[in-house]
Amino acid sequence: MFKYPVAEPEIGEEELRNVIEAVRSGWVSSKGEFIEKFEGSFSKYIDVKYGVATSNGTTALHLALAALGISSGDEVIVPDLTFAATINAVLYVGAKPVIVDVDQNYWCLDPAEIKRAITPHTKVIIPVHLYGHPCEMEAIMEVAERYGLYIIEDAAEAHGAEYKGRKVGSFSHIACFSFYGNKIITTGEGGMCLTNDDELAEKMRILRDHGMNPKKRYWHDIIGFNYRMTNIQAALGVAQLNKIDKLIEKKRKIAKSYADGLSSVEGITLHPEMPWAKCVYWLYSILIDYKKLGITRDELSEKLENNGIETRKFFYPLHEMPLYQKYAKLSHIISSKISHMGLSLPSGTKLTEEDISYIIRKMKETISTR
Ligand SMILES: Cc1ncc(COP(=O)(O)O)c(C=O)c1O
């Protein structure tokens with residue numbers, strides 16, 4: 001338990017009221033009015049036609065791949081720098097992940113590298129909007145169109161982020177979100193697939209519910225899953241969505257304070273925001289150049305944690321883990337570098353201006369006493 005956590009949900013009275021209402025109604029499993037309400041309001045927020053709520057973000061990714069019919073013999077491009085759920089979902093459907101390097105300026109899938117990874121077996125690209133920063137969607141869509149590929153956006157960390165004024169999650173055949181407790185908005189555990197395609201939406205609904213024929217109960221035409229969200233989770237989600245713009249505004253304010261406080265420190269690269277991007281700074285993250293700073297990332301992290309300031313090191317690049325090594329054939333120089341330099345700072349929306357000033361002060365003190 002840290003006084004200054006990396007992330008913390010903001011649960012208020014409306015959330016409590018909704019959850020009590022859901023529990024009192026007796027609709028505590030995956031039927032109930034909050035589910036459709038949440039699916040409808042979240043898909044509207046992102047500006048996509050359909051929302052299919054799921055038990056979490058990982059099952060959303062699995063559901064998306066299954067609905068597109070991806071299976072053994074197919075290749076799916078994933079970034080080297082992401083949470084393991086992205087690549088695991090590809091492995092669940094028996095397809096072959098192809099790990100691709102990221103762009104050094106904004107840490108997401110590099111469109112130029114995607115082109116090098118395409119083979120006749122490639123079927124899907126999964127861009128991940130990492131730490132709240134959008135991918136270069138125009139370039140990715142151009143590649144996908146040219147080669148006839150599907151795009152599944154992994155927007156687990158980027159609710160409300162924008163690429164050229166349009167929200168991420170609205171660019172792909174299917175977009176997947178997570179509502180885990182540390183995300184921009186939460187349902188405890190939870191996820192959602194968004195799509196504009198009528199057939200895909202229907203297929204995901206069926207697959208989410210055991211593959212049961214919607215017109216003939218307990219008749220199964222396909223092997224499905226139980227990936228449903230509960231009405232209690234959705235009740236929480238409806239209330240959270242009402243405050244999403246405020247939460248994002250707060251995240252961006254925190255980011256500005258960090259940027260103002262740390263921009264003069266040589267050896268720290270600030271969390272990027274490309275000119276075409278609106279970043280939601282899910283976790284405000286920096287890169288540490290220990291040669292310039294005189295302190296390693298790990299030392300800085302340990303010292304801050306001793307002061308009650310939680311930090312989070314970046315994801316290990318997938319290609320470094322023996323489990324995934326065989327799916328990495330191309331160069332991964334940038335993701336390796338970024339992964340080992342990257343540190344996420346406290347980004348919870350309950351942090352005050354004073355808290356952020358304290359964290360910046362402690363960082364500067366730690367650096368200068370090296
Ligand atoms: C990029 C990314 N994809 C997928 C997931 C999986 O979401 P969940 O934890 O809800 O299963 C997460 C995070 O938790 C994530 O960060």
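Which residues are the closest to the ligand? In this predicted model, 14 residues surround the ligand, and the closest are Asn-56, Gly-57, Thr-58, Ala-156 and Ser-178. Two elements give two or more residues each to this shell, namely helix H3 (57-67) and helix H4 (85-92). Sorted by class, the shell around the ligand comes out at 7 polar, 5 nonpolar and 2 charged residues.

Next, the layout of the chain. The domain assignment splits the protein chain into domain 1 (13-242) and domain 2 (245-368). Their C-alpha centres sit 26 Å apart, and the contact draws on 33 residues from domain 1 and 30 residues from domain 2. On the domain 1 side, the elements that put in two or more residues are strand S3 (96-100), helix H5 (111-117) and strand S6 (162-163). S3 gives the largest share of that side, with 5 residues. As for class, the side of domain 1 that touches domain 2 has 18 nonpolar, 8 charged and 7 polar residues.

That leaves the core. In soluble globular proteins, nonpolar side chains tend to be buried together. Here, the largest nonpolar core holds 114 residues, and Ala-64, Cys-176 and Cys-193 are the ones that touch the most other members. Both domain 1 (13-242) and domain 2 (245-368) contribute residues to this core, so it lies between them. A look at Cys-193 fills in the picture: with neighbours within four places in sequence set aside, Cys-193 is in contact with Ala-64 and Cys-176, and also with Val-52, Thr-54, Ala-60, Leu-63, Ile-174 and Met-204.

Note on methods: Residues numbered from 1 in each chain as written. Predicted model: local features only at pLDDT ≥ 70, side-chain atom pairs only at ≥ 80, totals over all residues. Near = placed C-beta within 6 Å. Helix = DSSP H or I, 4+ residues; strand = E, 2+ residues; numbered from the N terminus. Nonpolar A, V, L, I, M, F, W, Y, C, P; charged D, E, K, R; others polar. Core = buried A, V, L, I, M, F, W, Y, C linked by C-beta atoms within 7 Å. Buried ≥ 20, exposed ≤ 12 C-beta atoms within 10 Å, placed from the backbone. Domains from an automatic or database assignment. Contact = placed C-beta atoms within 7 Å.
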